[in-house]
Amino acid sequence: MPVWDDLVGQDRLREQLSAAARDADALVTADASGTAPPEASKMTHAWLFTGPPGSGRTTAARAFAAALQCVSPDRALGGEPGCGFCDGCHTALIGTHADVSTVAAVGTQILVDDMRDTVRKSFTSPANGRWQVILVEDAERLNEKSANAVLKAVEEPAPRTVWLLCAPSIEDVLPTIRSRCRHLTLRTPPVEAVADVLIRRDGIEPEAAHAAARATQGHIDHARRLATDQRARTRRATVLKVPLRVDDVGGCLKAAQELIDAAAEDAKEVAEGTDVKETEELKAALGAAPGGRMPRGTAGAMKELEDKQKRRRTRTQRDSLDLALGELTSFYRDVLAIQLGSRTALANEDVRDALDRVARESTAERTLRRIEAVLACREAMDRNVAPLLAVEAMTMALRDG
Ligand SMILES: [Zn+2]
């Protein structure tokens with residue numbers, strides 16, 4: 001069915017989800033007609049989607065949400081739910097369906113305040129009589145309090161509520177939560193499959209699509225960005241020059257600063273796009289005249305929005321830096337492949353000269369130590385070490401490696 005079209009390279013998952021959507025549809029029909037519900041249903045009220053970044057966890061969960069809300073008349077004729085075009089499918093896919101709520105971390109954590117309304121909603125019946133779907137995009141970012149709120153809701157679900165939790169791995173979710181979920185795993189889609197979807201869905205030229213899919217090693221969203229956004233290509237070029245610039249201390253510090261600046265630039269761009277509009281909207285909602293003073297008693301709401309925007313900027317900056325570190329790891333992995341004489345296709349074939357030079361001037365052992373230095377930087381960032389410090393320590397370690 002069309003609703004599964006964007007699930008790239010996940011055939012087994014697609015079968016599991018469409019079977020569940022069929023049974024879910026049968027349950028709704030049985031309820032509506034007062035007949036006995038079907039036995040051994042493949043539908044359940046809590047699901048956990050895990051898979052590496054870029055494999056399409058959220059895409060899969062959203063497609064499932066759409067199939068659950070499908071109201072296509074074809075279903076009555078034995079068709080499967082998930083037509084992709086009916087009002088239910090369409091609004092669920094674009095995020096405006098009244099019975100599909102999405103929770104995503106604004107900053108680095110999902111705070112209990114961010115999801116209080118959603119949890120409350122999960123205890124109510126869906127407006128359209130089908131399913132009340134709650135999609136948590138980054139369940140690994142639930143903090144202790146918000147995870148407990150989810151746990152309570154998952155323990156005592158309303159009859160028609162479905163929780164769809166997404167996380168990189170099963171270890172990222174509290175054992176008490178995951179034991180109540182049906183677990184589905186996504187794999188990294190093959191490079192060819194990603195290129196195909198970029199060509200078919202996004203209308204990208206085949207050559208650019210293949211280059212982007214290869215460079216991002218099956219990360220669909222990054223591949224699309226790389227193929228369509230000049231800024232992403234410029235940033236990647238900056239990152240891939242770092243290995244050539246870490247010969248002396250001055251070069252290391254300069255490279256580190258540039259990586260940080262590029263991430264800050266990304267965050268600034270997001271902020272300029274959304275923050276201004278958001279602030280204006282809130283001011284208008286609170287009754288301020290354009291350019292005038294804010295009415296009494298609105299300072300708290302304004303402060304809350306400022307905090308939210310600050311959290312989002314920090315998060316964008318970290319995500320952008322994390323992407324850069326991923327590109328750096330990929331560079332050194334290619335160097336290692338050359339040094340070991342491997343014949344596998346290189347991710348960064350477009351900077352072959354730089355790869356060859358670094359491969360020639362170092363050893364496989366050194367390359368491994370350098371990969372470790374990049375991973376250590378990622379870990380330091382996870383522990384909230386100041387980004388510039390962590391990145392400087394990394395570029396210095398790349399030199400010494
Ligand atoms: Zn539909």
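Ser72 is buried in the predicted model, with a relative accessible area of 5%. This value falls in the buried class because the limit for that class is under 20%. Ser72 is placed in the loop between helix 2 and helix 3. Leaving aside neighbours within four places in sequence, Ser72 is in contact with Cys83 and Cys86. Ala271 lies 199 residues from Ser72 in sequence, and the two C-alpha atoms are 39 Å apart in space.

Cys83 and Cys86, the contacts of Ser72, also belong to a metal site. The zinc ion is coordinated by the SG atoms of Cys70, Cys83, Cys86 and Cys89, at 2.3 to 2.4 Å. Along the chain, the donors of the zinc ion follow the spacing C-x12-C-x2-C-x2-C. The angles among the 4 donor atoms are 104 to 115 degrees, and the site is tetrahedral. The assignment holds because four donors count as tetrahedral if all angles lie between 85 and 135 degrees. Two of the coordinating residues can be described further by their accessibility. Cys86 has a relative accessible area of 12% and is buried. For Cys89, also buried, the value is 0%.

Gly95 follows in the loop between helix 3 (87–94) and strand 2 (100–103). At 46% relative accessibility, Gly95 counts as partly exposed; the value lies between the limits of 20% for buried and 50% for exposed. Gly95 and Arg62 are 33 residues apart in sequence, with a C-alpha to C-alpha separation of 8.7 Å in space.

Helix 1 comprises the 23 residues 11–33. At 1.5 Å a residue the helix should span 33 Å, and the end C-alpha atoms are 33 Å apart, so the expected and computed values agree. The buried residues of helix 1 are Leu13, Leu17, Ser18, Ala19, Ala20, Ala21, Ala24, Asp25, Leu27, Val28 and Ala30. An α-helix has 3.6 residues a turn, so residues three or four places apart point the same way. Among the buried residues of helix 1 are Leu13, Leu17, Ala20, Ala24, Leu27 and Val28. The partners against which the buried residues of helix 1 pack are strand 1 (46–50), helix 2 (57–69) and strand 5 (182–185). Just after helix 1, Gly34 takes a positive phi of about 75 degrees.

Positive phi values were also found at two positions that are not glycine. Most residues other than glycine have a negative phi. Gln217 has a positive phi of about 50 degrees and lies in the loop between helix 8 (206–215) and helix 9 (220–228). The relative accessibility of Gln217 is 37%, which counts as partly exposed. For Asn384, phi is positive and near 70 degrees. Asn384 is found in the loop between helix 14 (364–382) and helix 15 (387–400). With a relative accessible area of 56%, Asn384 is exposed, because the limit for that class is over 50%.

The second largest pocket holds about 360 Å³ of space. Of the 13 residues that line this pocket, the closest to its centre are Asp114, Glu304, Leu305, Lys308 and Arg311. Helix 4 (112–122), helix 11 (249–285) and helix 12 (299–339) are the elements that give two or more residues to the lining. Helix 12 gives the most, with 6 residues.

Residues of the chain near the end of helix 12 (299–339) also take part in a contact with helix 13. Ala359, found in helix 13 (residues 352–361), touches Val335, Ile338 and Gln339, not counting residues up to four places away in sequence. At 9% relative accessibility, Ala359 counts as buried, because this value is under 20%. Ala359 and Arg343 are 16 residues apart in sequence and 15 Å apart in space, C-alpha to C-alpha.

Note on methods. Residues are numbered from 1 along each chain as its sequence is written. This is a predicted model: local features need pLDDT of at least 70, side-chain atom pairs count only at pLDDT 80 or more; totals for chains, interfaces and linings use all residues. Side-chain values use heavy atoms; hydrogens and water are left out. Helices (H or I, at least four residues) and strands (E, at least two) are DSSP runs, numbered from the N terminus. The expected span of a helix is 1.5 Å times one less than its number of residues. Buried means under 20% relative accessible area, exposed over 50%, partly exposed in between (1.4 Å probe, protein chains only). Contact means heavy atoms within 4.5 Å. Donors are N, O and S atoms within 2.8 Å of the metal (3.2 Å for Na, K and Ca); water is not among the atoms, so sites may look incomplete. Four donors count as tetrahedral if all angles lie between 85 and 135 degrees; four count as square planar and six as octahedral if opposite donors are over 155 degrees apart and all others between 65 and 115; anything else is irregular. On a 1 Å grid over the protein atoms alone, a cavity is a set of points where a 1.4 Å probe fits but cannot get out, and a pocket is an open set with protein on both sides within 12 Å along at least five of seven lines; lining residues have an atom within 4 Å of a point. Grid points are joined across faces, edges and corners, and a volume is the space filled by probe spheres set on the points.
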